[in-house]
Amino acid sequence: MHGGGFAGNPGGGLPFAGIPPELQTRVEKVIADEPAWSDPDVEFSQVVKDRRPLSLRRLMAPHRRALVVAAVLVVVETVCLQAGPQLTQIGIDRGILPRHLAVVVGAAIAYIVAVAVTAVASGARVAWTGRIGQGLLVDLRVRIFAHLQRLSLDFFTDEKAGVIMTRMTSDIENLNQLFQDGLVNFAVQGLTMLIVTAVLFHMNARLAMVTVLMIVPSLAVLSLWFRASSDRAYARVRDGIANVLSDLQESLSGVRIVAAHNRQTQNIVAHRNVVGEYRDANNETARINGIYGPGTDLLGWLGQTTLLLVGGWMVLHHQLTIGQLTAFILYLNAFFAPIQQLVQLYNTYQQGRASILKLRDLLLTEPSVPEAPDARPLPPITGEVRLDHVTFGYDPDNPVLHDVSLEIGEGETFSLVGPTGAGKSTIAKLVTRFYDPTEGSVTIDGHDLRSVTLESLRRQLGVVPQEPFLFAGTIRDNVAFARPGASDEEVWAAIRAVGLTELVERMPEGIDSFVHERGSSLASGERQLLALARAFLARPRVIVLDEATSNLDLQSETKVEAALDALLEGRTAIIIAHRLSTAMRADRIAVVDQGRILEIGSHDDLVARDGRYAEMYATWISHLEADHALP
Ligand SMILES: Nc1ncnc2c1ncn2[C@@H]1O[C@H](COP(=O)(O)OP(=O)(O)OP(=O)(O)O)[C@@H](O)[C@H]1O
Ligand SMILES: [Mg+2]
């Protein structure tokens, strides 16, 4: 059944779904042309190596050379573009007025050359800086992703998933804008303004002075106002989009509960409010841009009319040539065009800077379960687990485990039982070092977990958590998750061990069948079994099962338990179970309540002790009997 793939019989009553041969050659050609991504050759360490805060400058530093090329292109582009009015002036003053056709033609040709060079330089600049920008973004994306992989569980519990997503979506998108055209346009526009100012003063200092005095103060006031109000408005926009995304994310992941409780309407209302706030924030920025844009336009037009008046007067009094006046007016245009652009760029810059700050914070977040700088790899363990006077709270002021001491021997099967919220899963999380104890220590084979590398620890530990997670991918990918190199035989053996052979064989492509995201196309018992199979395949020295069989019917559980006996043979196991039938099979059992260990012993010991366990056992037995007594 398995491994069938595309080779299956094409005529089996089903419509032919293969690739026609004439297409096949084309497909092969396309595949041959695909860039070959080399195998991942990535250095990853749990320890944050680069502790310097993220900044634009640091991001760009490795691309210094490429940036110099970009700068040269920018200068060529800008200088050539601004040659236009100057050539116009020459054309008018030395060509048209004295009626020298040759000069007119010469000026026109020079103009054409300048424009052509501008176009080429500008094209090259756009392509080149685009490349640099994407290079920066790849570095940054990978760096953030790596950091997320490094962060500890509590970060993901405390931070909304939607908010984390915005770091990778809208924040990166803002930087994309900034790198793509923001920074370089900033350079182009800034340089243009400088050149224009210099040329104006060079042509006629008096008229330039008049122009500057006329424009600059009012422009400055307008710009300061714009800066302040747009900073505020864009902060609102950013919060708005973060809220929109996290609301979306949350209702998508909770879609089943939403539907089951008829909360669609309320959800839509809530989402409309979040989206409405985002709209308001955007309207605010539009209003501000609506004042500033036309405001600067108005200033520009007023400037031109005044220039016409003052310049015209100067021409009449022979203090200025017509060509110079024309060039002045053209340059004034060139002066105002960048201001308009700079406004947009300022917004881009603002957004980008805010994003950089957010990303900087994210990158500066230290994993709460850090790897010690001098951590050693944990040598192959025999599997002796100890908790030594462990006190722990997710919030350190509010402990959920109080002075817990446990000794689990090599190869022992140890069970934790107790009421909901007692702290059983918490103990499991400490043994797998998802958290560090507030006081006391957790050791394996005498090695304090804080002194060994996380990689070497987790490689020798297997966990089947209370809520198993499956990835969108094939059954094989999911089962062989911890050991991607496992053979088909091994995968099937693991599937057989948990009694899923029938289910997988029924699937159209066996172990190559696809499971949907989070395994939503599987029953929760099946999900648990796949998670168990994953642990089977990994064959760790120490295995932690947190309610790993709680969603199974009794019959499946019995089957799995036989398999479990085989798996656990010779391994240390910590089994958390509500069903006493599961717990009973352990060598020793600890009863946990309100973060304390009440009693420890074998099933028989504990029943004989007549304590809490005996009470639980009696209740369980009476329930069983009641069930059997039913007709
Ligand atoms: N991430 C967390 N942040 C804060 N408190 C938590 C967190 N996870 C669990 N708790 C609290 O710690 C206590 C112990 O939880 P734990 O998950 O260990 O219980 P449990 O014994 O596994 O219960 P169950 O049998 O229902 O799985 C509970 O009061 C719970 O509310
Ligand atoms: Mg639990």
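This text walks through a predicted model, helix by helix.

Begin near the N-terminal end, with A61. This residue sits in the loop between helix 2 (56-60) and helix 3. A61 is exposed, with 10 other C-beta atoms within 10 Å. Now look along the chain to Q82. The two residues are 21 places apart in sequence, and their C-alpha atoms are separated by 30 Å.

Helix 3 covers residues 64-81. Its partner here is helix 5, which spans residues 101-150. The axes of helix 3 and helix 5 come within 8 Å and cross at roughly 155°. An angle over 145 degrees counts as roughly antiparallel, so helix 3 is roughly antiparallel to helix 5. The crossing of helix 3 and helix 5 is left-handed. On the helix 3 side, the contact includes A66, L67, V69, A70, L73, V74, V76, E77, C80 and L81. Helix 5 contributes residues including A114, V117, T118, A121, S122, A124, R125, W128, T129 and I132. Sorted by class, the contact of helix 3 with helix 5 holds 15 nonpolar, 3 polar and 2 charged residues. The spacing of such lists has a general background. An α-helix has 3.6 residues a turn, so residues three or four places apart point the same way.

Next comes helix 4, residues 83-96. Helix 4 has 14 residues and reaches 18 Å from its first C-alpha to its last. That is close to the 20 Å expected at 1.5 Å a residue. Which residues of helix 4 are buried? They are P85, Q86, L87, T88, Q89, G91, I92 and G95. What covers them includes helix 5, helix 7 (161-203) and helix 11 (322-364).

Step past helix 4 and you meet R99. R99 is found in the loop between helix 4 and helix 5. Is R99 buried or exposed? With 8 C-beta neighbours inside 10 Å, R99 counts as exposed. Its backbone deserves a look too. Most residues other than glycine have a negative phi. Phi of R99 is near 60°, a positive value in a residue other than glycine.

Helix 7 and helix 11, both part of the cover over helix 4, also pair with one another. Their axes come within 6 Å and cross at roughly 150°. That makes helix 7 roughly antiparallel to helix 11. The crossing of helix 7 and helix 11 is left-handed. By class, the contact of helix 7 with helix 11 has 20 nonpolar, 12 polar and 3 charged residues.

One residue of helix 7 is worth a stop: T192. T192 counts as buried, because it has 23 C-beta neighbours inside 10 Å. What does T192 touch, leaving aside residues up to four places away in sequence? The contacts are T78, Q82, A334 and P338. T192 and L81 are 111 residues apart along the chain, yet their C-alpha atoms are separated by 8.8 Å.

Helix 11 has another partner, helix 10 (residues 264-316). The axes of helix 10 and helix 11 come within 10 Å and cross at roughly 170°. Helix 10 is therefore roughly antiparallel to helix 11. From helix 10, the contact includes Y292, G293, T296, G300, G303, Q304, L307, G311 and V315. From helix 11, it includes I322, L325, F328, I329, L332, F336, I339, Q340 and V343. These residues divide into 11 nonpolar, 7 polar and no charged.

Further on is strand 1, residues 385-392, where H389 lies. H389 is not a glycine, but its phi is positive, about 45°. With 12 C-beta neighbours inside 10 Å, H389 counts as exposed.

Now turn to helix 15, residues 488-497. Its buried residues are V491, W492, A494, I495 and A497. Their cover includes helix 14 (475-479), helix 16 (501-506), helix 17 and helix 18 (554-568). Just after helix 15, G499 takes a positive phi of about 75°.

Helix 17, part of that cover, spans residues 524-538. It has 15 residues and reaches 21 Å from its first C-alpha to its last, close to the 21 Å expected. In helix 17, 13 of the 15 residues are buried, so this helix is largely enclosed by the rest of the structure. Just after helix 17, R539 takes a positive phi of about 45°.

Technical notes
Residues are numbered from 1 along each chain as its sequence is written. Chains are lettered from A and ligands numbered from 1 in the order in which they are written. This is a predicted model: local features need pLDDT of at least 70, side-chain atom pairs count only at pLDDT 80 or more; totals for chains, interfaces and linings use all residues. Helices (H or I, at least four residues) and strands (E, at least two) are DSSP runs, numbered from the N terminus. The expected span of a helix is 1.5 Å times one less than its number of residues. A residue is buried if 20 or more other C-beta atoms lie within 10 Å of its own, exposed if 12 or fewer, and partly exposed in between; C-beta atoms are placed from the backbone. Two residues are in contact if their C-beta atoms, placed from the backbone, lie within 7 Å. Axes are lines fitted to C-alpha atoms, for helices over the stretch in contact, and angles run from 0 to 180 degrees between N-to-C directions. Angles under 35 degrees count as roughly parallel, over 145 as roughly antiparallel, 65 to 115 as roughly perpendicular and the rest as oblique. A crossing is left-handed if the near helix is turned anticlockwise from the far one by less than a right angle, and right-handed if clockwise. Ala, Val, Leu, Ile, Met, Phe, Trp, Tyr, Cys and Pro count as nonpolar, Asp, Glu, Lys and Arg as charged, and the others, Gly among them, as polar.
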